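Open the model in your viewer and keep the sequence panel beside it. The tour below goes from one selection to the next.

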Amino acid sequence: MDTADDTTAPPASPTRWPAVQPWITLACRLGLAGVLLYAAVSKYPPALSIQAVEAYDLFPVEIAELIGYTLPLFEIALALLLLVGLATRFTGAVSALLMIAFIAGIVSAMARGLSIDCGCFGGGGQVDPGETSYGLSIARDIGFAALGAFIAIWPRSPFAVDRALGLFR
Amino acid sequence: MGSEARKRSRERLKEQRAKEKRAAQRKKTLLVVGVAAIVVVLIVGVGYAVLTADRRDSGFEGALPPQVLQEDGSVVLAEEGVEAPVVEVYADYQCPACRQFELLNGDTLKESAAEGEAIVHYRPVSIFAQQPAPISSNSLRAGAAARAAADAGVFVQYNDLLFENQPAEGQEGFTVAELQEWFREAGGTEEEAETFDARVEEEAEVVERFTQDYLPALTESAAEEIGEDTLGTMVLSDLISWGADHGHDPSFLEGTYTGEIIDATGTIYTRYSGDNMFRGTPAVYINGELLSNDTAMTVRGLTQAIAEADAGEVQTEPLGDGGEADTSQ
């Protein structure tokens, strides 16, 4: 009722935002879900994913193994939540935090002078010193973190379970 | 009084309703977040259980079948006279993915060999021989030591110990003292240990000379004379033969296990072609067919691939004149 004057308002950008934003959020959800799903699948089999974690030289063997097994699964879980739009705001925030954790890992590898592949999308482990691509990996992760942040700030979007439940209408 | 009081009570009611609405919304949010968290825990938990289901919780404790040392320094582990698929394993002792393979499927291989389901052909290589030390020196020292352990018939046990104790990449490891200690752990007798110790010390000197003096000098003059680009595509053993004609005498490698593992590494690049081409370690072949990572690096995948393969022939000859070949023509 109180939005009835929308139609009469001049088509300035502030009033277009409420109409456009849900679709941007939907695009972010689908994009980030796709990225996470691809990242998870490309890390299979776990033996190689463990090796990619070990290459960071940050965790004891047992923890690296646990991360190697569970990180891809966690990525799948986040991707599914984003796809169906459940707890959208929180899933977006957690995804963004995960990306920030990845960035921290890459920066630490860089700072310690390791020459490894980030193992973001499979692969991982030692590479020739001239073949590292830390900058690209970090830039990519910043982009993904931005998608997650957008979702967390503006969680309202169509085709979401949240909406059916009466959240973020 | 009428309208004033009514207005106030209406406002109070409105406030009350808004408060309730907010509380309900908060409850709903909490519920949804809770459900989402449960979804995450379920996926991670069930997934973890499924992925680790095929891992053995206890190692293979049974008796190992005979280990037959081959002419090229590789080792065949198989029951005598058995007809089974040949599983070739190419691995570098400094390669982390090889360590993962060994930790995951080392026992699968031993068990398959012990049960006569496979002929396991261990073919250690040193793909890191041209990397900067200590990656190169670790890799070569370990490879040479494994070959020396094969002389005493404890290659498979020693192979396990090397992977278990793999140094982090870029860190000095596989020291002579460690290599000697592990030989005893692998089951080498005191008498054998004397020969082994001396051999490992000799090899360590060869490795030192190779990685510190010989290879840097050879690489430098090759880069000057044939160019970095061609050099980059050259297999180490080819580079060494080039060096032999250009003032870099490789004769100090002759008869050493260090030289042997470099030779063994040189031949794998041309052994297989097409889809089966050797690209890096670990490489696992069944009857000459390269397994994908999904197959080789999962217990289920490897077990299944072995079960489905036909019997094969070992492509190398046993060392020595014993004539007790485990595959008869």
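Two residues are taken to be in contact if their C-beta atoms, placed from the backbone, lie within 7 Å. Among contacts in chain A between residues at least 6 apart in sequence, 71% join residues at least 24 apart. Keep in mind throughout that this is a predicted model.

**Stop 1: chain A as a whole**

Select chain A and colour by secondary structure. Six helices and two strands make up its secondary structure, and along the sequence they follow the pattern α-α-α-α-β-β-α-α. The C-alpha trace of chain A spans about 60 × 30 × 20 Å along its principal axes. Of its 169 residues, 43% count as buried.

Now colour chain A by pLDDT. The average for chain A is 90, and 92% of the residues score at least 70. Residues 1–9 of chain A have a pLDDT below 50, and this stretch has two contacts in the model beyond near neighbours in sequence. Where pLDDT is low, the predicted coordinates should not be read in detail.

**Stop 2: A:Lys43**

Select A:Lys43, in the loop between α1 (13–42) and α2 (46–54) of chain A. Is A:Lys43 buried or exposed? The cut-off for a buried residue is 20 or more other C-beta atoms within 10 Å of its own. A:Lys43 has 25 other C-beta atoms within 10 Å, so A:Lys43 is buried.

Show the surroundings of this lysine. Apart from neighbours within four places in sequence, A:Lys43 is in contact with A:Ser49, A:Pro72 and A:Gly122. Then pick A:Gly124: its C-alpha atom is separated from that of A:Lys43 by 9.2 Å, although the two residues are 81 apart along the chain.

**Stop 3: where the chains touch**

Show both chains and select the residues in contact across them. The contact takes 25 residues from chain B and 27 residues from chain A. On the side of chain B that touches chain A, the elements giving two or more residues are α1 (2–52), α2 and α10 (293–296) of chain B. The largest share of that side, 14 residues, comes from α1(B). By class, the side of chain B that touches chain A has 16 nonpolar, six polar and three charged residues.

**Stop 4: the sheet of chain B**

Hide chain A and select the strands of chain B. What is the order of the strands in the open sheet of six? The order is β1-β2-β4-β3-β5-β6 (chain B), and the pairing is mixed. At the edges stand β1 (67–69) and β6 (289–290) of chain B, each with a single partner strand, so one side of each is left without a neighbour in the sheet.

**Stop 5: strand β3 of chain B**

Select residues 86–91 of chain B, which form strand β3. Six of the six residues are buried, so β3(B) is largely enclosed by the rest of the structure. In a regular strand the side chains alternate between the two faces of the sheet. On one side of β3(B) are B:Val86, B:Glu88 and B:Tyr90, and on the other B:Val87, B:Val89 and B:Ala91; all are buried, and both faces are covered.

Add strand β5 (residues 283–286) of chain B, which pairs with β3(B) in the antiparallel sense over four bridges. Here B:Val87 stands opposite B:Ile286 in β5(B).

**Stop 6: strand β4 of chain B**

Select residues 119–124 of chain B, strand β4, which pairs with β3(B) in the parallel sense over six bridges. Two positions to label are B:Val89, opposite B:Tyr122 in β4(B), and B:Val86, whose bridge partner in β4(B) is B:Ile119. Add helix α2 (residues 96–114) of chain B: together with β3(B) and β4(B) this helix makes a right-handed β-α-β unit.

Six of the six residues of β4(B) are buried. B:Ile119, B:His121 and B:Arg123 lie on one side, with B:Val120, B:Tyr122 and B:Pro124 on the other, and both faces are covered.

Finish with strand β2 (residues 75–77) of chain B, which runs antiparallel to β4(B) and is joined to β4(B) by three bridges. B:Val76 stands opposite B:His121 in β4(B), and B:Val75 stands opposite B:Tyr122.

Notes:
Residues are numbered from 1 along each chain as its sequence is written. Chains are lettered from A and ligands numbered from 1 in the order in which they are written. This is a predicted model: local features need pLDDT of at least 70, side-chain atom pairs count only at pLDDT 80 or more; totals for chains, interfaces and linings use all residues. A residue is buried if 20 or more other C-beta atoms lie within 10 Å of its own, exposed if 12 or fewer, and partly exposed in between; C-beta atoms are placed from the backbone. Two strands pair if DSSP finds at least two bridges between them. A crossover is right-handed if, with the strands pointing away from the viewer, the path from the first strand over the helix to the second runs clockwise. Ala, Val, Leu, Ile, Met, Phe, Trp, Tyr, Cys and Pro count as nonpolar, Asp, Glu, Lys and Arg as charged, and the others, Gly among them, as polar. pLDDT is the predictor's confidence in each residue, from 0 to 100.
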